Amino acid sequence: MGNLIRSDMGSRDPRIDDRTIRLRPTGPGDLPALFEFQTDPESNQMAGTKPRTREAFFAAWERNLADPGITSRVIEIDGARGAGGPEVVGSIACFQAGGHDCVGYGSARAHWGKGIASRALAMF
């Protein structure tokens with residue numbers, strides 16, 4: 001899998017197209033944003049998960065980033081902040097659980113309903 005992936009698929013939000021959404025490898029600098037996403041109560045209720053403490057979250061991600069068996073990407077959108085620069089709006093990863101390949105993904109609630117997570121899954 002390459003370091004930068006783009007898609008030419010359609011989207012439910014006309015402002016989100018193949019020029020605006022990207023997947024790139026997750027790095028330590030992405031963790032503060034990802035931590036904030038996982039604290040959202042509605043996201044946790046929908047996913048059937050519980051938020052981690054900051055310490056537990058960062059420790060788990062340090063292990064994930066060091067594990068060659070985990071492929072993790074952040075979902076970026078150009079111009080989401082209004083200034084034209086990229087914004088991390090979610091993440092997607094492939095990992096092993098119970099001897100099976102699994103994919104987990106999510107996006108910030110502010111970006112739900114725009115087709116971003118579905119698009120990221122297709123790109124992944």
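The dialogue below works through the fold, burial, salt bridges, largest pocket and a surface patch of a predicted model.

Me: Where should I begin, and how many helices and strands does the chain have?

Reply: It is convenient to begin with the secondary structure. Here the chain comes to four helices and four strands. Along the sequence, these elements follow the pattern β-α-α-α-β-β-β-α. Please keep in mind that this is a predicted model.

Me: How should I read burial, and what share of the residues is buried?

Reply: Burial is judged from relative accessible area, and a residue under 20% counts as buried. In this chain of 124 residues, buried residues make up 37%. Phe35, in helix α1, serves as an example: its relative accessibility is 10%, so Phe35 counts as buried. The C-alpha atom of Phe35 is separated by 9.7 Å from that of Trp61, although the two are 26 residues apart along the chain.

Me: How do I read a salt bridge, and how many does the structure hold?

Reply: One looks for a side-chain nitrogen of Lys or Arg within 4 Å of a carboxyl oxygen of Asp or Glu. The structure holds six salt bridges. In one of them, the side chains of Arg22 and Glu76 meet at 3.3 Å, N to O. Arg22 belongs to strand β1 (residues 21-25) and Glu76 to strand β2 (residues 71-78), so this pair ties together parts that lie 54 residues apart in sequence. Both Arg22 and Glu76 are buried.

Me: Which salt bridges does Arg109 form, with Asp40 and with Glu42, and what do they join?

Reply: The side chains of Asp40 and Arg109 meet at 2.4 Å, N to O. Asp40 is in the loop between α1 and α2, while Arg109 is in the loop between β4 and α4; the pair therefore ties together parts 69 residues apart in sequence. Arg109 also meets Glu42 in a salt bridge, at 2.9 Å, N to O. Because Glu42 lies in helix α2 and Arg109 in the loop between β4 and α4, this second pair ties together parts 67 residues apart in sequence.

Me: Are these three residues buried or partly exposed?

Reply: Asp40 counts as buried, because its relative accessibility is 15%. Arg109, at 38%, counts as partly exposed, and Glu42, at 39%, also counts as partly exposed.

Me: How is a pocket read, and what is the volume of the largest pocket?

Reply: Rolling a probe the size of a water molecule over the atoms shows where empty space is left. The largest pocket of this model has a volume of about 1000 Å³. Its lining comprises 36 residues, and those closest to the centre are Gln38, Ser91, Gly104, Tyr105 and Gly106.

Me: Which elements supply the lining of the largest pocket, and how do its residues divide by character?

Reply: At least two lining residues come from each of α1 (31-37), α2 (41-47), α3 (54-66), β3 (86-97), β4 and α4 (116-123). By character, the lining divides into 16 nonpolar, 15 polar and five charged residues.

Me: Which residues form a nonpolar patch on the surface?

Reply: A patch is read by joining accessible residues of similar character. In this case Val103, Tyr105 and Leu121 form a nonpolar patch on the surface, with about 260 Å² of accessible area together. Val103 is placed in strand β4 (residues 100-107). Its relative accessibility is 41%, so Val103 counts as partly exposed. Tyr105 thus appears twice in this reading: in the patch and among the residues closest to the centre of the largest pocket.

Key. Residues numbered from 1 in each chain as written. Predicted model: local features only at pLDDT ≥ 70, side-chain atom pairs only at ≥ 80, totals over all residues. Heavy atoms only, no water. Patch = residues over 30% accessible without salt bridge, like charges linked within 9 Å, V, L, I, M, F, W, Y side chains within 5 Å. Areas by Shrake-Rupley, 256 points an atom, 1.4 Å probe, with all protein chains shown as cover. Buried < 20%, exposed > 50% of the residue type's maximum accessible area, 1.4 Å probe, protein only. 1 Å grid on protein atoms, 1.4 Å probe; cavity = no way out; pocket = protein on both sides within 12 Å on 5 of 7 lines; lining within 4 Å. Points joined across faces, edges and corners; volume = space filled by probe spheres on them. Nonpolar A, V, L, I, M, F, W, Y, C, P; charged D, E, K, R; others polar.
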